[in-house]
Amino acid sequence: MSYVDEVLEKVKQKNAAEPEFIQAVSEVLESIRVVIEADEDEYRRTAFLERLTEPERQIKFRVPWVDDKGQVQVNTGYRIQFNSAIGPYKGGLRFHPSVYQGIIKFLGFEQVFKNSLTGLPIGGGKGGSDFDPKGKSDNEVMRFCQSFMTELYKYIGKDEDVPAGDIGVGGREIGYLYGQYKRITNLYEGVLTGKGLTFGGSLARTEATGYGLLYLTEELLKINGIELAGKTVCVSGAGNVAIYAIQKAEQLGAKVVTCSDSTGWIYDPDGIDVPTLQEVKEVKRARLTEYQTTRPNAEYHEGKGVWTIKCDVALPCATQNELGIEDAKTLVANGCLAVCEGANMPTTLEATKYLQDNKVIFAPGKAANAGGVATSALEMSQNSERLSWTFEEVDAKLKNIMVNITHNIDAAAKKYGMEGNYVAGANIAGFEKVAQAMKAQGIV
Ligand code: NDP
């Protein structure tokens with residue numbers, strides 16, 4: 001049996017209860033098979049893939065807090081420090097009821113290669129909790145965040161591990177987490193990114209993942225001789241990534257006609273109105289049904305359905321495994337040219353293969369949504385310098401990073417004879433740098 005297959009087998013046995021982690025590892029190992037097989041004996045002798053797929057450290061902790069009625073609630077907190085070969089651990093915190101160890105592990109594993117692709121010195125990690133901020137008062141969210149940080153602070157630091165936001169963790173949560181970190185440690189340091197602008201945050205961090213997604217999408221289409229301007233785009237999600245993806249797509253001359261949340265979706269034939277969406281989601285924190293009240297031409301539908309709308313470009317920006325094989329078939333039948341992932345692993349393995357087999361340009365999340373973590377690293381740089389760059393400076397650096405990623409994944413795919421396979425290109429390009437660093441640092 002080849003070394004890659006041996007390790008895949010072990011990973012499946014060892015992590016049988018964590019299907020998302022197995023899915024992420026399978027995708028990466030399949031992509032780098034060609035690199036490993038070129039020097040298989042040495043990789044096997046040094047148990048390289050076993051080390052790559054085993055987190056350096058996994059922290060799991062109790063988070064007790066008191067709700068507004070005086071009732072004590074208990075959640076579980078996680079921080080998985082996956083790989084620090086190229087820099088301090090970096091990756092978001094997710095607060096969502098679906099969070100368990102397997103979700104955090106898959107996200108941490110993906111983060112290792114994504115962070116490598118940015119070209120910046122950051123390792124991979126991820127964390128979070130099964131706490132659901134939805135429907136909680138500000139005070140409840142604050143008490144939860146304070147309790148969460150009271151344990152987490154022991155394991156993080158500006159040169160050690162620097163968490164950020166993710167699903168359910170936005171500016172409000174980062175503020176409460178930072179306040180508690182500072183209170184316990186007496187340190188005013190860049191230990192979290194996504195901070196408010198008055199306490200060390202970076203301009204353009206809020207927009208970065210969505211904007212970065214569009215910079216990469218535009219460049220990738222250009223490489224393939226296609227112009228983004230004038231195209232119809234379907235977006236899923238209505239959170240941080242989705243909102244700024246829609247805004248940038250519209251600025252670049254495309255028309256975005258859909259968005260969605262966890263209960264339903266919107267089709268707006270006139271193009272999604274970003275200020276209305278921001279009012280509903282960022283200000284009122286309401287359901288998408290509210291969007292329709294000021295946009296009479298828009299349709300609201302319960303459940304899932306964004307991918308049934310005919311589009312040239314699809315940008316899944318909600319959550320993992322939200323675009324399955326039937327969605328992929330519909331997109332292909334409707335003439336979709338490109339799918340670029342704003343979320344982490346939103347497309348199932350089967351759907352990805354179907355899209356690629358049908359010549360749809362496919363950009364995996366670890367490349368396409370790397371703008372968020374890249375700008376987080378720029379926030380770390382500004383914190384270290386104790387300086388703040390202008391919006392234009394950060395945005396220009398972000399664009400440059402995304403354009404570089406696009407060309408790097410294209411070149412890596414070509415180098416290994418897989419032109420146009422950007423999943424392979426991203427995994428190989430991300431892997432090569434991490435692998436070199438791990439080899440140089442010995443068996444650790
Ligand atoms: P948000 O919490 O801001 O938004 C998430 C959106 O997806 C919301 O509209 C939410 O609906 C919807 N959603 C969440 N879970 C589900 C679900 N199980 N089924 C259907 N819809 C769901 O998160 P972000 O925008 O920050 O993150 C979105 C994705 O992008 C995630 O995969 C995240 O890991 C990834 N990502 C985020 C980065 C960032 O900088 N924020 C960076 C890189 C990747 P509702 O409004 O009802 O909650």
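A polar contact is a pair of N or O atoms within 3.5 Å; within protein, one must be able to donate a hydrogen and the other to accept it, and residues adjacent in sequence count only if both atoms are side-chain atoms. The model is predicted: local features need pLDDT of at least 70, side-chain atom pairs count only at pLDDT 80 or more, and totals for chains, interfaces and linings use all residues. Residues are numbered from 1 along each chain as its sequence is written, and side-chain values use heavy atoms, with hydrogens and water left out.

**Exercise 1.** Identify the polar contacts that oxygen atoms of the ligand make with Ala-238, Gly-239 and Ser-262.

*Solution.*
1. At Ala-238, a polar backbone atom is 2.9 Å from an oxygen atom of the ligand.
2. At Gly-239, the partner is a backbone N or O atom, 3.5 Å from a ligand oxygen.
3. At Ser-262, a polar side-chain atom lies 2.5 Å from a ligand oxygen.
4. The protein buries 84% of the 890 Å² that the ligand exposes when taken alone (accessible areas by the Shrake-Rupley method with a 1.4 Å probe).

**Exercise 2.** Determine which domains contact each other across the pair domain 1 and domain 3, and state the buried area.

*Solution.*
1. The bounds, from an automatic or database domain assignment, are 3–53 for domain 1 and 208–368 for domain 3.
2. Their centres, taken over C-alpha atoms, are separated by 32 Å.
3. Six residues of domain 1 are in contact (heavy atoms within 4.5 Å) with six residues of domain 3.
4. Between them the two domains bury about 500 Å², 60% of it on carbon and sulfur atoms; buried area is the accessible area (1.4 Å probe) that two parts lose on being put together, summed over both.
5. On the domain 1 side, Glu-20, Gln-23 and Glu-27 lose the most area to domain 3, together 83% of what that side buries.
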